[in-house]
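Student: I should like to take a close look at a single part of this model. Could you please guide me through one chain and the way in which it meets its partners?

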Amino acid sequence: MTVSFLILAALTIAGTAAAMSLRNLIHCVLTLTLGFVGLAMLYLQLGAQFVGFTQILVYVGAVAILAVFAIMMTQSVGPHVQPALSSFWVPGSVVASAVFAVLAWAICSGATSVRTPPQHDVSVNQIGDALMHKFALPLEIMGLLLTAALIGAVILAMPEKKGEQ
Amino acid sequence: MVFASLFAVTTILERKGLGRFQNRYGPNRVGPYGLLQPLADGLKSLTKEDIVPRSADKVVHLLAPLILVTAAFLGYAVLPIGRNMVAVNLDAGVLYFFAAGSIVEVSIFMAGWSSANKYSLLGAMRAIAQMISYEVPLILSAIVVIMAAGSLSTVTIVEQQAGYTGIFPHWYVFTPWGFAGFVLFMIAATAESNRSPFDLPEGESEIIAGYYIEYSGFKFALFFLGEYLGMFATSGLAITLFLGGWAAPFSFLTWIPSYLWFFLKLLTLIAAFIWARGTFPRLRMDQLMGLAWKFMLPMTLLNIFTAGVWHFMPTGISRWLVCTFLIVAPWMLLSRGLKQRKKLQVRTYRFAE
Amino acid sequence: MNPLTGYLLLSALLFSIGLAGALTRRNAILVLIGIELLLNAANLNFIAFWRYGPNPAALTGIMFTIFSISVAAAEAAVGLGFILAVYRHVKTTDLDQMNSMKG
């Protein structure tokens, strides 16, 4: 539990907790971006360079921008905002706390060895090799999935044509 | 530090250069031939009053230029400026550079939204749409080099280009796919830095300054600095990927220090950027998006295919011919197919006397 | 307490924060963001087990995470397109008002 892990963990938790509890939606997305950057730095600390940079490139550079565009286009910010919490917020938060309690109990009761394996330096060459040989089928399926998602998102967001006069 | 002083030099070069392109003198009052203009500009931006709109979001308004400059500076960590002169030799260096570049988009949105101004929000949306659209050809045209070099590390990519056959260097720009990749990379880099002819988001004749309308004084200077630093960083990456990094162009010139070659190439690319700014008219938004998705994306994908063909054909004149044909033919077909049929008149020029 | 437990607890905390947000917020976009947080917490779990697990040379954790990031990005795009399409009909993103199929 090094100091850097504690700082990064605090940063990530602060960012995500703020993202889920702020009223102004744009502030939510901006603090969420901070949480994503904290997570990316945690990946870098664990030695997964490729995943860390991909996290920033995809999540910060694309998903956050997408969320912001959606907020702008649905006009969810402005003077006529709705109340922040849904009408079922009490059961929701009880369930979430219960989930955290069960997970924390499971983690702490399963902690066994204190031996830390040595850092395994993975190069991007190995990741590419694995993607092309061992994980070739998931890669192709991912390509199909992304194409389907692209076409689907475009069709969903296209303005509807007016009927024939 | 070096790049910050390069920024000061570039502002004066740009204004005088643009002035000459537009058949007028640039600034020539401050100092001999106007060369001390950056000092005057710096003093002005430091002492101007910092105005923040009343309904603006203060924290986000302050953070946006800071994040922009930080992200722009972060990209320099993986550029090899000379032999054994790279700040961090990351295994995934090129990916780190693109990740640092994608943080800029968030900061542009923060700048545009926090100003509580319709025009700045509109400019920010345009800028983000443009940057996201051009990030795809940018990364795809860099993938060609990564394929050829076999590594994402910038140091390895430069070392792969360090040999000489006779006196000619092995730079990737001297291959058909490398040349096409270089041209596509530079076009996408111009669009990524919101420079002319892609500067609709900051079009000075349309929405005044786009997403940084409401910024004054030092924060405006930070935005300016961030934009130019982004331009230098992408030029530096283009030099690393295509132009051989710190390698000398001819084998008998290797006695000149490596960092001098890097800076000479950087200055050449900056001059090319200024030249493009002074020459081309601004692209409209739909032309800009059409160029990215309909022209550059297919060209970069075909470029990747051509690089694969180059790798597997035996060395000789045949692979030059095949690869050149594989790039030129789609280029002609695409540009003929996408052209709008308009009759253009013969242009006449009039010069100021 | 070894480092692996620390990462797992952080991942569990992020998971429950995302779950709380997805269950209690009224705006549909924030529910989607909560789902993204759930996926991110799972990614952190994968990478922590890859690092401190028995066989890091198999790269399984990294592969899972790469595919998970791609799937999450695709799902965010489709989900937000969906919210836009629904907004065009009912002119609101308030989830409590979308109860026309109730009862």
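Tutor: The following answer considers chain A and its contacts, after a short description of chain C, and ends with the core and one residue of chain B.

This is a predicted model, in which local features need pLDDT of at least 70 and side-chain atom pairs count only at pLDDT 80 or more, while totals for chains, interfaces and linings use all residues. Residues are numbered from 1 along each chain as its sequence is written, and chains are lettered from A and ligands numbered from 1 in the order in which they are written.

Chain C has three helices and zero strands, where helices (H or I, at least four residues) and strands (E, at least two) are DSSP runs numbered from the N terminus. Along the sequence its pattern is therefore written α-α-α. The radius of gyration of chain C is 17 Å, whereas a compact globule of 103 residues would have a value near 13 Å; this radius is taken over C-alpha atoms, and the globule rule is 2.2 Å times the number of residues to the power 0.38. Along the principal axes, the C-alpha atoms of chain C fill a box of roughly 50 × 25 × 20 Å. Of its 103 residues, 54% count as buried, a term for residues with 20 or more other C-beta atoms within 10 Å of their own (exposed means 12 or fewer, partly exposed in between, with C-beta atoms placed from the backbone).

Among the two pairs of chains that touch, chains A and C have the most contacts; two residues are in contact if their C-beta atoms, placed from the backbone, lie within 7 Å. Chain A contributes 68 residues to this contact and chain C contributes 61 residues. On the side of chain A that touches chain C, helix 4 of chain A gives the most, with twelve residues. By class, that side has 51 nonpolar, 17 polar and no charged residues. Here Ala, Val, Leu, Ile, Met, Phe, Trp, Tyr, Cys and Pro count as nonpolar, Asp, Glu, Lys and Arg as charged, and the others, Gly among them, as polar.

Chain A also meets chain B, with 15 residues of chain A in contact with 18 residues of chain B. Helix 2 and helix 3 of chain A are the elements that give two or more residues to this side of chain A, and helix 3 gives the most, with ten residues. The side divides into eleven nonpolar, four polar and no charged residues. Chain B and chain C, by contrast, are joined by no contact, and their closest C-alpha atoms lie 14 Å apart.

The largest nonpolar core has 170 residues, and among those that touch the most other members are Ala64(A), Phe185(B) and Ile29(C). Such a core is a set of buried Ala, Val, Leu, Ile, Met, Phe, Trp, Tyr and Cys residues joined through C-beta atoms within 7 Å. Helix 3 of chain A supplies the largest share of this core, 16 residues. Beyond four places in sequence, Phe185(B) touches Leu138(B), Ser141(B), Ala142(B), Ala238(B) and Phe242(B).

Finally, Pro176(B) is found in helix 7 (residues 176-192) of chain B. Pro176(B) counts as buried because it has 22 C-beta neighbours inside 10 Å. Leaving aside neighbours within four places in sequence, the contacts of Pro176(B) include Thr306(B), Trp320(B) and Ile327(B). Pro176(B) and Val328(B) are 152 residues apart in sequence, yet 9.4 Å apart in space, C-alpha to C-alpha.
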